[in-house]
Structures are given as structure tokens and as C-alpha cells.
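Visitor: I would like a close look at one part of this model. Please take me through a helix pair, and then set it in its surroundings.

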Amino acid sequence: MRILFKTSYVDDINLFQHQGQVFWYGALAAALLVAPLALPEFYVGELAQIFILAIAGIGLMLLIGYTGLVSLGHGAFMAIGAYTNTYLITKGVPFLAAFPLAGLAALIAGVIIAVPANRMSGIYLAIATLAFSQIVEQIVVRWEPVTRGFQGMPVPPPDLLGYALTQGWQFYYLCLAVLALVVLAGINLVRSPTGRALIAIRDSEISAQSLGVNLFRYKTVVFALSAAITGLAGALLAHRMRFISPDAFNFLLSIQLLLMVVVGGLGSIHGAILGAIFVGGLPQAIALMRDYLPAAIARTPGLEPGLFGLVMVLIVLFEPLGLYGRWLKIKAYFDVFPLYRRSTFKRQRSYLKTERVR
Amino acid sequence: MVELFQLLVGGIAQGCVYGLIALGFVLIYKATEMVNFAQGDLMMLGTFVAFSCIDTWGMNYWLGFAAAALAMAVFGYLLDALVLRRIIGQPQFAVVILTISMGFLFRSFAGFIWGNETLNFPDTPFTNQIVNVGGVILSWDRLSIILGTLILAALLYLFFNYTRLGNAMQAASQNQLAAYYMGVRVKRINSLIWALSAIVATIAGVLFAPISLVEPSNGFYGLKAFAAAVIGGFGSLMGTVLGGLIIGVSETLAARYLPPGFKEIVAYLLMLVVLMLRPHGLFSTLQRKKV
């Protein structure tokens with residue numbers, strides 16, 4: 001078992017707590033940097049997809065995992081980011097300007113939904129965000145001069161200072177860079193005073209309020225940030241798909257995002273990324289399994305949403321802490337080897353907490 | 001004028017379906033504080049089971065109806081007893097996520113068993129029957145939904161107010177602990193409520209099936225019914241049916257008089273407006289705890 005002695009304040013501020021972490025995260029970074037050289041083009045594209053999902057996952061994790069506000073409509077912010085980015089680029093705005101503007105558009109949408117959302121809680125908030133996403137979907141369908149409705153829009157490749165990123169590996173590095181920035185921003189946000197305030201709101205709104213946390217302000221901030229990050233992911237997703245139409249951003253996308261943060265483990269950046277690997281990798285796994293399954297099952301069109309559903313049910317029932325929680329449990333088991341107690345991660349509360357009286 | 005009247009009847013019929021699905025939400029929410037996002041999918045499953053009973057196994061309409069309701073009641077009971085009871089104590093969004101994913105699972109399951117093509121529901125005693133009320137031609141399909149809802153609402157009222165089990169359910173939903181101390185078997189009551197709510201969903205589905213198509217994506221009606229439940233405030237059963245009527249009528253009117261696209265979102269717009277003005281619903285019974 002590793003015991004950390006902190007001898008200066010810098011030890012608390014350092015991103016890496018000990019040499020082991022430096023080594024393993026360095027190895028991961030190096031592996032990701034050389035991956036396009038070693039992997040076939042198809043898998044490079046799939047990795048880029050996972051990075052995009054991870055960016056959106058971090059956006060949603062800030063909202064659900066750290067602040068405890070459930071959103072069932074984050075696909076809408078992705079749609080806003082994707083359409084803003086694509087529309088601006090087709091109007092001749094360079095990618096480096098259109099990309100942040102896409103995030104800004106999603107941020108503004110986030111603030112707009114945050115103002116009424118501040119008055120709601122729990123289930124009402126979830127359903128209001130769902131309604132919001134349905135409304136955005138209809139706007140995308142009907143606002144044809146801008147979005148071209150069901151015809152869809154082709155998305156030109158992103159360009160960096162006049163140099164078009166047409167190759168798969170170039171786009172891979174773009175996504176990797178954005179993901180790295182978002183991860184850094186996310187880690188720093190959740191350990192800043194703002195992040196602590198968000199966690200306080202998640203654990204108890206009443207105590208957070210009593211300790212002087214301005215609920216309205218912090219909820220608006222987290223909605224805006226979460227929407228902006230998700231909007232950036234949407235802009236990248238548009239480039240990845242090369243063609244966007246309203247049905248790419250339907251209810252299922254919002255549910256996939258939700259699945260990501262739940263499967264990965266709520267309340268950790270690691271969880272968002274593990275969840276993205278899971279959700280991004282599942283279609284591939286299904287495609288590989290199709291050859292071994294009986295034809296009648298393998299050819300069912302609804303197989304993928306059904307499997308998503310099944311996995312979510314099993315995770316909620318048997319591993320509420322998600323993949324990252326499972327990893328922490330395994331690590332704790334070996335850290336304290338013969339002394340691991342199952343109750344270490346057990347929930348204290350085992351009764352229904354009423355939300356009727358707030 | 002005649003057209004408006006016909007639209008209104010159509011809207012009320014549609015609204016009754018929303019109201020009935022929403023009734024299922026509210027029954028479960030009042031008793032267990034769980035929000036069942038799979039309610040629309042329970043309706044869809046109920047419709048498919050009834051379809052199988054009537055069309056495939058050649059049962060009489062009423063017999064098939066009853067068999068489907070019974071089968072779904074057992075299903076609802078087991079769902080609570082085997083799955084949902086296990087997550088009591090987890091945060092509320094765990095329930096949201098669990099029921100949403102159960103919805104996906106049911107939809108996939110229905111697609112697997114009955115196929116993803118739309119099916120036409122077999123003829124019912126109401127098919128192609130029309131009635132002429134003062135020059136307005138109304139079809140029995142729609143009237144049967146309205147009548148069915150009225151009868152069901154009356155039965156539920158009698159059940160909750162005049163039977164032992166209904167009273168126990170009310171007691172358990174008002175205060176589980178107190179009800180438990182008084183000898184109400186709360187766990188079993190909760191499972192029975194799930195069964196009741198599955199029956200209501202099946203009735204909604206079977207009444208609705210003749211004027212809609214039968215397909216797995218019918219479960220998405222549950223989302224609109226949710227708007228009805230929110231407008232009704234998740235509190236009173238009658239408020240919920242009223243919420244359903246508001247949604248159904250405004251949707252039908254929007255389809256006729258507003259630009260395309262509004263039909264799909266008018267339910268959500270109404271709900272958002274209600275949530276902004278009264279964050280806990282129009283007819284809600286929620287109180288705020290003073291710190």
C-alpha cells in the first residue's frame with residue numbers, strides 16, 4: 001500500500017500525486033500519440049469517435065456526476081454545436097473561429113435552459129431537458145434555410161490556418177488535442193472552489209445554501225460549461241460524420257451520453273472516459289459478435305438500443321459506481337490485500353429518500 | 001363549427017390515451033416515488049400481447065383484452081418485485097436511468113418477438129361503427145376511448161375510496177412508514193400498484209390501437225404522456241387525466257391551425273410553460289421544507 005507524505009503545498013496542487021501516476025499516464029499519452037502509426041485507418045477513426053464521445057461525456061459528467069442535475073437532453077447541445085459549426089464553415093468562417101463559436105452557441109443555449117431549470121429539481125428537471133431536446137430537434141428539422149431540414153448538410157473537413165485536415169490521422173490528433181484540453185479543464189474545474197461548490201450542491205442543496213453557495217449562480221455556470229463542452233463535441237462529431245441530418249441527434253444520442261456517464265461511474269472524469277470507450281466500442285463489439293450469434297438475433301435492427309438498455313439495467317442494479325468504481329474496488333482490494341472489507345464502498349443509506357418535501 | 005367539434009372529439013380521445021398512460025405514471029409515483037419512464041413501453045407491450053391473443057390465438061376481443069391485462073398485471077408485479085425493489089435507497093436518477101433503459105429493452109424485445117413492421121390491430125366491436133350526433137359524425141373507435149376512460153376513472157375512484165386494498169394503497173402512498181406500522185404490507189402494496197399501473201397502460205394501449213398503428217416505437221407516446229402528468233402535477237389522479245386532455249386537444253388543434261412542426265412540440269411547450277410558472281405542476285401537493 002502506497003502512503004503519500006505531503007511535504008509542501010505544491011504536493012497538493014500537483015496534478016500527479018506520485019511517480020507511478022506520471023509513468024502510467026505518460027505511457028497512455030505516448031501510446032495515443034503513436035496509435036495512428038500502428039493502427040489501420042478504420043480503428044484510428046473509431047478512436048477519434050471515442051475521443052469525441054469522451055469530450056461530450058466530460059461535459060455531461062460535470063452536470064450529472066458533479067452537480068447532480070440530470071439532463072436527458074444533452075444531444076440537443078451536440079446538435080446546436082454541430083449545426084453552428086457547419087453553418088459557419090459553409091459561410092466561409094475558418095474552423096478555428098467557427099469551433100469556439102459553436103461552443104459559445106451551445107453555452108448560450110445552456111444559459112437559456114438553466115434559468116428555468118434553476119427552479120426545478122430532480123425528475124422535473126430531467127423531463128424539462130428532455131422537452132428542450134425535442135424542441136431543438138423540431139427547430140433543426142423545420143428551420144430549413146439554415147439547417148436544410150431532413151435533406152441534411154455535408155460538412156467540409158476542418159481547416160487549420162488554411163490547411164485542410166482531410167486525412168483520418170490528422171483529424172485524430174485534432175480530437176486528441178481537444179480532449180486533452182477538456183480533460184485538463186475538467187480536472188482543474190472540479191478541484192477549484194467552483195467545483196467544490198458544485199459537489200456541495202450535489203450532496204445537499206440545503207447545506208450548500210447554508211454554507212453560502214449561491215445555487216442560482218453555480219447551477220447556471222455548470223449548465224453553461226456543460227453545454228459548451230458538449231457543443232464542442234457536437235462540432236467535432238459533425239466533422240467526423242461528414243454529413244449531418246436531424247436524426248443523428250435524436251433521443252437515442254442523449255441516452256447514449258447518459259449511458260456513458262452512468263456506465264463509466266458518476267462523479268469522476270475517469271468515468272466519463274471509460275464510459276466513452278464502452279459506448280464507442282460496443283457497436284464494434286456487436287459487429288464482431290454478429291458472426292457468432294444466431295442469424296435471427298444478429299439481424300434484429302433494434303439490437304443495439306436493446307443491448308444498451310440491458311447493460312444500463314445491469315449496471316444500475318449491480319454496480320451503481322460504474323466501471324471506475326469497480327476499478328477502485330479492485331485497486332483497494334490489492335492495496336490492502338488481506339484486509340479488504342466489502343463494506344468499504346457500501347452505501348450508508350438504504351431507505352428511500354423522499355423528494356416530496358424538499 | 002362541425003369540423004371544430006370533430007377535432008375536439010378526436011383531441012379528447014387522444015388526450016384520454018395520454019391521460020391513461022399518465023395515470024400509470026402517477027399511480028406509481030404516488031406510491032413509490034419512482035418515476036416509471038417505461039410506462040409508454042408497458043402500454044406498447046400490452047397492446048402487442050392483446051394483438052397476439054386476439055389475432056394469433058383467435059380469442060374474442062373482450063377475452064383477449066382481459067387476458068392481456070392479466071398478463072401485464074403479472075408482468076408489472078414481477079417487475080417491481082424482482083427488479084425495482086432492489087434499487088430502493090439509490091438516488092432518484094438511478095430509477096430514471098433504470099426505467100429508461102428498461103424501456104429500450106422492452107422496445108428491442110418487442111421488435112424481436114413481433115417484428116419492427118407496423119401491424120394493424122384486428123377489428124374490434126367498435127370498428128367502422130359511426131354515430132351521428134346532430135349532424136356531426138363520430139366514430140365509435142374514438143368514443144370508445146372516451147367512454148373507456150370515464151368508466152376506468154370511475155372504477156379507480158371507487159376502488160381507492162371504498163375497498164380495503166385501495167385504502168391501503170392510499171395509506172402507503174401518503175406515508176409508507178406509518179402505513180407499515182398499521183399493518184399494511186407496503187412491499188406487496190407497491191408491487192400491486194405496479195400491476196395496477198400495467199393494467200391501466202394495457203387498457204390505454206388496447207383502446208388506442210384501432211386508431212393508431214401497432215409498432216414497438218409506440219412506447220414513445222409515454223414521453224408525451226409525461227407532459228400530461230407534469231401538467232397534472234403528479235399529485236391527483238383526476239388532475240392527471242385533465243392534463244392528458246389538455247395535451248391531446250391542444251395537439252390536435254395545433255396540427256390543424258398552426259404551422260407544421262408544432263404538433264410534435266406543443267405538448268412539451270405547454271409543459272415547459274407550466275414548469276416555469278409552477279415548478280411543481282399545476283395541481284401539485286408538494287411543500288417546501290423550511291430550514
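In which hand, left-handed or right-handed, does α3(A) pass α8(A)?

Guide: The crossing of α3(A) over α8(A) is left-handed. Bear in mind that this is a predicted model.

Start with the geometry of the pair. Helix α3 of chain A covers residues 41-66, and helix α8 of chain A covers residues 168-190. Their axes come within 9 Å. They cross at roughly 20°. Angles under 35 degrees count as roughly parallel, so α3(A) is roughly parallel to α8(A).

Next, the residues that meet. On the α3(A) side, the contact begins with E41(A), V44(A), G45(A), L47(A) and A48(A). F51(A), I52(A), A54(A), I55(A) and I58(A) also take part from α3(A). L62(A) and Y66(A) complete that list. From α8(A) come G168(A), W169(A), F171(A), Y172(A), C175(A) and L176(A). V178(A), L179(A), V182(A), V183(A), G186(A) and V190(A) are the other α8(A) residues in the contact.

Elsewhere in chain A, look at R242(A). This residue sits in the loop between α11 (215-241) and β4 (243-244) of chain A. Its phi is near 65°. That is a positive value in a residue other than glycine. R242(A) counts as exposed, because only 12 or fewer C-beta neighbours are allowed for that label and R242(A) has 10 inside 10 Å.

Now set a helix pair of chain B beside the first one. Helix α5 (residues 140-162) of chain B and α8(B) have axes that come within 9 Å. The crossing angle is roughly 160°. Angles over 145 degrees count as roughly antiparallel, so α5(B) is roughly antiparallel to α8(B). The crossing of α5(B) past α8(B) is right-handed. S144(B), I145(B), G148(B) and L152(B) make the contact from α5(B). V200(B), I203(B), L207(B) and F208(B) make it from α8(B).

One residue of chain B deserves a stop. F48(B) lies in helix α2 (residues 39-56) of chain B. It has 23 other C-beta atoms within 10 Å, so F48(B) is buried. Beyond its neighbours within four places in sequence, F48(B) is in contact with A110(B), W114(B) and V214(B). L23(B) is 25 residues from F48(B) along the chain, and their C-alpha atoms are separated by 20 Å.

Step back to chain B as a whole. It holds 11 helices and two strands. Along the sequence the order is α-α-α-α-β-β-α-α-α-α-α-α-α. Chain B has a radius of gyration of 19 Å, close to the 19 Å that the globule rule gives for 291 residues, so it is as compact as a globular protein of that length. Its C-alpha atoms fill a box of roughly 60 × 50 × 35 Å along the principal axes. Of its 291 residues, 53% count as buried. Take the contacts in chain B between residues at least 6 apart in sequence: 75% of them join residues at least 24 apart.

Last, confidence. The mean pLDDT of chain B is 82, and 95% of its residues score at least 70. Within chain B, the lowest confidence falls in strand β1 (residues 130-133), with a mean of 73. The highest falls in helix α8 (residues 186-208) of chain B, at 89. That helix is the α8(B) of the antiparallel pair with α5(B). For the complex, the predictor gives an ipTM of 0.80 and a pTM of 0.85.

Conventions. Residues numbered from 1 in each chain as written. Chains lettered and ligands numbered in written order. Predicted model: local features only at pLDDT ≥ 70, side-chain atom pairs only at ≥ 80, totals over all residues. Helix = DSSP H or I, 4+ residues; strand = E, 2+ residues; numbered from the N terminus. Buried ≥ 20, exposed ≤ 12 C-beta atoms within 10 Å, placed from the backbone. Rg over C-alpha atoms; globule rule 2.2 N^0.38 Å. Contact = placed C-beta atoms within 7 Å. pLDDT = per-residue confidence, 0-100. Axes fitted to C-alpha atoms, helices over the stretch in contact; angles between N-to-C directions. Parallel < 35°, antiparallel > 145°, perpendicular 65-115°, else oblique. Left-handed = near helix turned anticlockwise from the far one by under 90°.
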